[in-house]
Amino acid sequence: MGDPGSIVRKAIWASKRFGIEQVFSSLNLIGLALRNPSAGASYLAGERKKLQMVVLHNSITVSVKLLLGEVDPRLEDEILELETFGDDLWNELRSRAPRWTPLSRAECNYLYMICRMVKPKHIVETGVQHGLSSAYFLKALERNGSGMLHSVDLPSKEYTSRIGTIADKIPPDVKCGWLVPRELRKNWNLELGDSRYILPRLLAKINGIDLFLHDSEHTEEMMRFEYSLAWKHLRKGGVLMSDDIDLSEASREFFPADKAVGANGYRKGIAKLSAIVKP
Ligand SMILES: C[S@@+](CC[C@H](N)C(=O)[O-])C[C@H]1O[C@@H](n2cnc3c(N)ncnc32)[C@H](O)[C@@H]1O
């Protein structure tokens, strides 16, 4: 082992040369490879996916721990098993709607783990489109053995986004949420209409919600509207989640950087998809 002074000097040199984040992520990779020898060996043999998956799952577990506390190791294993479910969904999505880039794999796993930990009676989400987030929520509810997902989306094939009108949000021959496997639909209530009208009625009907995800129209007005309404109806210990929180001022208020936890692992603070627990 070298002397501590020289190790520190080398670390400073490496962080200047490659960037501090790069150095930490390399050290993290080495640590994870040592703790997962078979993934580490595959990586050295040129097969990178296995270790990349371990890295991904590890960072999501860190996010969930920051948000909700200790994670049962069995749940960490469950996330690895979820890979086949995810592969099937993504293959289907890419074959039918290749230009869409909805939530990332890591973000979907984050939603799944939060749902498994909170064990919600009622989840409400706005923005379904193909049904990726819905599928992950419903998969988690199936494992929980109870709970309902209420989803809201527009009946039309087009919607307004920050970049203008999206005319073909789903393939022409399918309906909103087409990606959700049939066997998971029994715990699903899909309401078609503008969230401005549907959400107040829906939330008034359900007596308190445990999880809320905003992923509909990412305008300042809509984000503020949905966040404040959902917050009012969230029970204590419930979780407010939103995609694309970087797009709105309202997010800074509802997802303060010292309390919200992004799906990026390792630190509190905001990410594209972030979550906050109602105290
Ligand atoms: C980014 S996509 C949702 C992606 C989805 N969460 C997923 O994981 O695949 C946005 C969706 O929000 C819906 N949307 C846009 N404006 C809306 C509104 N005013 N009310 C309800 N849904 C709306 C759109 O129709 C579109 O399907």
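Reader: Which residue of β2 is the bridge partner of E125, and what makes β1 and β2 a pair?

Author: In this predicted model, E125 has S151 as its bridge partner in β2. Strand β1 (residues 122-126) and β2 are joined in the parallel sense over five bridges; since at least two bridges are required before two strands are said to pair, the call follows. From β1 the chain passes through helix α7 (residues 132-144) to reach β2, and this β-α-β crossover is right-handed.

Reader: Why is β2 called mostly covered?

Author: Five of the six residues of β2 (residues 148-153) are buried, and a residue earns that word when 20 or more other C-beta atoms lie within 10 Å of its own.

Reader: How do you know that β2 also pairs with β5, and which residue of β5 stands opposite D153?

Author: Between β2 and strand β5 (residues 188-192) there are five bridges, again in the parallel sense, set against a requirement of at least two, so the two strands count as paired. Within β5, L192 is the residue that stands opposite D153.

Reader: What is the order of strands in the open sheet, and why are β5 and β8 said to stand at the edges?

Author: The open sheet has seven strands in the order β5-β2-β1-β6-β7-β9-β8, and its pairing is mixed. Both β5 and β8 (261-262) have a single partner strand, so one side of each is left without a neighbour in the sheet, and that is why they are placed at the edges. Helix α8 (residues 195-205) packs on this sheet, where it touches β1, β2, β5 and β6, and the direction of α8 makes about 155° with that of β2.

Reader: Which strands does α7 lie across, and at what angle does it run to β2?

Author: Helix α7 lies across β1, β2, β5 and β6 (209-214), and its angle to β2 is about 170°. On a scale that runs from 0 to 180 degrees between N-to-C directions, the value of about 170° says that α7 and β2 point in nearly opposite directions.

Reader: What makes β6 mostly covered, and which strands does β6 pair with?

Author: Six of the six residues of β6 are buried. Strand β6 pairs with β1 in the parallel sense over four bridges, with F212 as the bridge partner of V124. Five bridges join β6 to β7, and these two strands also run parallel; here F212 stands opposite L240 in β7. The chain goes from β6 through helix α9 (residues 220-233) to β7, in a right-handed β-α-β crossover.

Reader: Is D243 buried or exposed, and where is its place in the chain?

Author: D243 lies in the loop between β7 (234-242) and α10 (249-254). Because D243 has 23 C-beta neighbours inside 10 Å, and the cut-off for a buried residue is 20 or more, D243 is counted as buried. Its contacts, leaving aside neighbours within four places in sequence, are with L103, D215, K272 and L273. The C-alpha atoms of D243 and S216 are separated by 8.9 Å, although these residues are 27 residues apart along the chain.

Reader: Why is L68 called partly exposed?

Author: L68, which is found in helix α4 (residues 49-68), has 17 other C-beta atoms within 10 Å; a buried residue would need 20 or more and an exposed one 12 or fewer, so the value falls in between. L68 touches I114, M117 and V277, residues up to four places away in sequence not being counted. For L68 and M117, 49 residues apart along the chain, the C-alpha separation is 7.8 Å.

Reader: Which residues come nearest to the ligand, and what classes make up the shell around the ligand?

Author: There are 19 residues around the ligand, of which G127, Q129, S133, S195 and E217 come nearest. Two or more residues of this shell are given by each of α7 and β2. By class, the shell holds seven nonpolar, seven polar and five charged residues.

Definitions and conventions: Residues are numbered from 1 along each chain as its sequence is written. This is a predicted model: local features need pLDDT of at least 70, side-chain atom pairs count only at pLDDT 80 or more; totals for chains, interfaces and linings use all residues. A crossover is right-handed if, with the strands pointing away from the viewer, the path from the first strand over the helix to the second runs clockwise. Two residues are in contact if their C-beta atoms, placed from the backbone, lie within 7 Å. A residue is near a molecule or strand if its C-beta atom, placed from the backbone, lies within 6 Å of it. Ala, Val, Leu, Ile, Met, Phe, Trp, Tyr, Cys and Pro count as nonpolar, Asp, Glu, Lys and Arg as charged, and the others, Gly among them, as polar.
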